[in-house]
Amino acid sequence: LTDAFFTCRKNVLLAKSPTTQVGGISSVPSRRSVPEEQEALLQQQLEVEAGGLHSSESPLVVAKVSATLPSDWLEGSELLMTSLSNLNVASEVTWCSDQQDDELHTLISLGPKEHAAVTLAKLPEEESVAMVGIAAWPAVRTQTDHQISGCNPSALEREDEDTAVLDWSLVHDTEIVPVEATAWPFYDTGQFQPFPAERPYHEILWRDWEDLSTRFAVPELGSENGPLFEFRVMSYNILAQDLVEQSRDLYLHCQPDILDWSYRLPNLLQEIQHWDPDVLCLQEVQENHYREQLEPTFRMMGFVCLYKRRTGKKTDGCAVCYKHSRFQLISASPVEYFRPGLDILNRDNVGLVLLLQPLLPEDVGQKATSPLCVANTHVLYNPRRGDIKLAQMALLLAEVDKVVKTVERGYCPVILCGDLNAVPDSPLYKFIRNGLLSYHGMPAWKVSGQEDFSQQLHQRKLQTPLWHSCLGITDNCQYVTLCQPKKSDRRKYSRDFLLQFRFCDAACERPAHLILQKGVTDVKPDRPAHWPKHLTMVNDPDPELFFPRFPGVIRHGLNLTSAYSHFLPQRGRPEVTTMPMGLGATVDYIFYSAEPIENGNKEGRRLYRDGALKLLGRLSLLSEDVLWLANGLPNPFCSSDHLCLLASFGLEISSA
């Protein structure tokens, strides 16, 4: 009996203590005081109860309570939680005074088989307690609803007494009747800081649409009132599922279920359907998924799809899809970058080049637009092999040049999309945008700018020529077979005509392969002061007949610029299209044909303005810090490790 009483008394003191802790979480006492009249009534009730106890209950006096602790008693919160699971409890608890708190610590410090004298003081008003961080469970209070069977009748007769008075008697085998406890009300919770609400992914990854059509209000930028054929182009690396399975260590930050194709496919299709592009360029498209799921779905969405799988044993490739209601296919040219016997082209990457004819509405009348060339590719990833990246890009540009030359009218705008695995302002990026690159002696890792390997002792450097002549590609990224053959009787030049070039830049440069002979080949011509420093052959359509190609330089003449600026001015951070191993980078691009501005070279960067093909808008990209808030890529909202790129273009419509 005394053990049972002591255990209950100790648990009540633990629950009422101002410093009660459960699982390391403190309960803060209420600041409300007890009115004086309630204190007087409580004191009077205690005195009446003390005088009415039987003589057999003399050890359990109100002033002093003597109890013997069991030998296997528990301590602290463990004892409290044990008793809570064995007692029927309610939703309220009373707090102890400072004196009772001291008595509680005295009880805890006592060992087995020792006695403690506990003095009951006046108890304050019952208050409710709110626990933070755990499920709502009720605190200890005196049972008053006949919920304990086998109790002494004298205890049951005092069911209306103050709940803080513990004077019932328990038999040896007390049977507990389980009763579902009511949930706690939360009072006086202003002192607790609320948990921050979790932001939805669509709010974190919100992307704005940037309207750029207002730029054409300036007359010199183009025909402001001329009709335009408007269309949208999307470029998207959708992450092949086979690559996910092969490189699980790259996606340890993701929950396994969001990496399943059954989860990712609906997300990808919903995103594409939401933005509704007219031309869709996809990379890392797994062949079986394309045949069984993607192509049938895209067909129902109004697309015509073309696919090119990577060579070798690779299971993914590139796809280009276009709306059959907006375009008509003229030609399609798949490009394989693997060439047997060439070490610089021994990888299985591919590209795809389409020539599309825009379909104008019937109400336009006798109008026409030039065809549109769309190219899509996925360049080698390896950051150390920039030489392979340049050779692959040269092959793609040669194929684009071949397709463009088939257009009878002579002009065909180009849109080049893809994952180029090169960062902005890298040599590969500058080559595409500026049309020129001097590569001789350049470290191969520097071409893409993905990683810095400058500390390595042995670095692969690019040599001249970059590829063998058997490839059939010139330094101008053109097929040799398509270049105009040079005929011996094509043109006759007089001596006076040739002498005007004796002091040109090419004539004043000593060829690198020329054998040095003192007094013969080491003499540099002295250019007269009146001679123009830069003389061009305005009367000859083919300057290369007279100016030899400089070794270690490649060029192209497609005049391409990026649809994105690669910088977020409102955030002061660079744009990001992917996050390999947690580091944000831009490797995905949409390039389009533009007109170079005369004398528009600024620090080696060619300047452009929109020509017949105009950039009307684009879907903004995100910065690295924003993607970190969404746990990187992929995440439950974006099911690829790349962000999609989307741009809106307008193609001028001219009279037929």
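How accessible is Tyr381, and does this residue count as buried, partly exposed or exposed? The legends below describe close-up views of a predicted model, and the view around Tyr381 is taken up at the start.

**Figure 1. A nonpolar surface patch includes Tyr381.** Tyr381 counts as partly exposed, because its relative accessibility is 42% and the range between 20% and 50% is classed in this way. The residue lies in the loop between strand E17 (372-378) and helix H10 (386-404). Together with Leu250 and Met581, Tyr381 makes a nonpolar surface patch of about 320 Å².

**Figure 2. Lys614 is a buried residue with a polar side-chain contact to Glu652.** Lys614 belongs to strand E27, which spans residues 613-619. The relative accessible area of Lys614 is 1%, so this lysine is classed as buried. Its side chain is joined to the side chain of Glu652 by a polar contact of 3.2 Å.

**Figure 3. Tyr429 and Phe591 form a tilted aromatic pair.** Ten aromatic pairs are present in the structure. In the pair shown here, the ring centres of Tyr429 and Phe591 are 5.7 Å apart and the ring planes stand at 50 degrees, so the pair is classed as tilted. Tyr429 is located in helix H11 (residues 427-434) and Phe591 in strand E24 (residues 588-593); the pair thus links distant parts of the chain, 162 residues apart. Both Tyr429 and Phe591 are buried.

**Figure 4. Five aromatic residues are linked into a cluster by ring pairs.** The members of this cluster are Phe229, Phe231, Phe327, Tyr592 and Phe649.

**Figure 5. Charged side-chain ends sit over aromatic rings at Trp209 and Phe303.** In one view, the charged end of Arg232 is placed over the ring of Trp209, at 4.6 Å from the ring centre. In the other, the charged end of Lys323 is placed over the ring of Phe303, and the distance to the ring centre is 5.2 Å.

**Figure 6. Arg326 and Asp278 meet in a salt bridge.** The structure has a count of 16 salt bridges. One of them joins the side chains of Arg326 and Asp278, with an N to O distance of 3.3 Å. Arg326 is in the loop between strand E13 (316-323) and E14, whereas Asp278 is in the loop between helix H8 (261-275) and strand E11 (279-286), so the salt bridge ties together parts that are 48 residues apart in sequence. Arg326 is partly exposed, with a relative accessible area of 22%. Asp278, by contrast, is buried, its relative accessible area being 9%.

**Figure 7. Lys308 forms a salt bridge with Glu336.** The closest N and O atoms of Lys308 and Glu336 are 2.6 Å apart. Lys308 is part of strand E12 (residues 303-309) and Glu336 is part of strand E14, and their pairing links distant parts of the chain that are 28 residues apart. With a relative accessible area of 15%, Lys308 is buried, while Glu336 counts as partly exposed at 35% relative accessibility.

**Figure 8. Further salt bridges involve Arg248 with Glu245, and a network that includes Arg291.** Arg248 and Glu245 form a salt bridge in which the closest N and O atoms are 3.1 Å apart. Arg248 counts as partly exposed at 31% relative accessibility, and Glu245 is also partly exposed, with a relative accessible area of 43%. A second view shows Glu287, Arg291 and Arg309, which are linked in a network of salt bridges.

**Figure 9. Pro551 and Arg339 each approach a residue from another part of the sequence.** Pro551 is placed in the loop between helix H12 (495-499) and strand E20 (553-555). At 55% relative accessibility, Pro551 counts as exposed. The C-alpha atoms of Pro551 and Pro465 are separated by 7.1 Å, although these residues are 86 residues apart along the chain. Arg339 lies in the loop between strand E14 (327-336) and strand E15 (350-358). Its relative accessible area is 27%, so Arg339 is partly exposed. From C-alpha to C-alpha, Arg339 and Leu471 are 8.3 Å apart in space, and in sequence they are 132 residues apart.

Note on methods: Residues are numbered from 1 along each chain as its sequence is written. This is a predicted model: local features need pLDDT of at least 70, side-chain atom pairs count only at pLDDT 80 or more; totals for chains, interfaces and linings use all residues. Side-chain values use heavy atoms; hydrogens and water are left out. Helices (H or I, at least four residues) and strands (E, at least two) are DSSP runs, numbered from the N terminus. Buried means under 20% relative accessible area, exposed over 50%, partly exposed in between (1.4 Å probe, protein chains only). A polar contact is a pair of N or O atoms within 3.5 Å; within protein, one must be able to donate a hydrogen and the other to accept it, and residues adjacent in sequence count only if both atoms are side-chain atoms. Patches are made of residues with over 30% relative accessible area and no salt bridge: like charges are joined within 9 Å, nonpolar side chains (Val, Leu, Ile, Met, Phe, Trp, Tyr) within 5 Å. Accessible areas come from the Shrake-Rupley method with a 1.4 Å probe; for residues, only the protein chains shown count as cover. A salt bridge is a side-chain nitrogen of Lys or Arg within 4 Å of a carboxyl oxygen of Asp or Glu. Rings of Phe, Tyr and Trp (its six-membered ring) pair if their centres lie within 6.5 Å; planes under 30 degrees apart count as stacked, over 60 as edge-to-face and the rest as tilted. A charge sits over a ring if NZ of Lys or CZ of Arg is within 6 Å of the ring centre and within 35 degrees of the ring normal.
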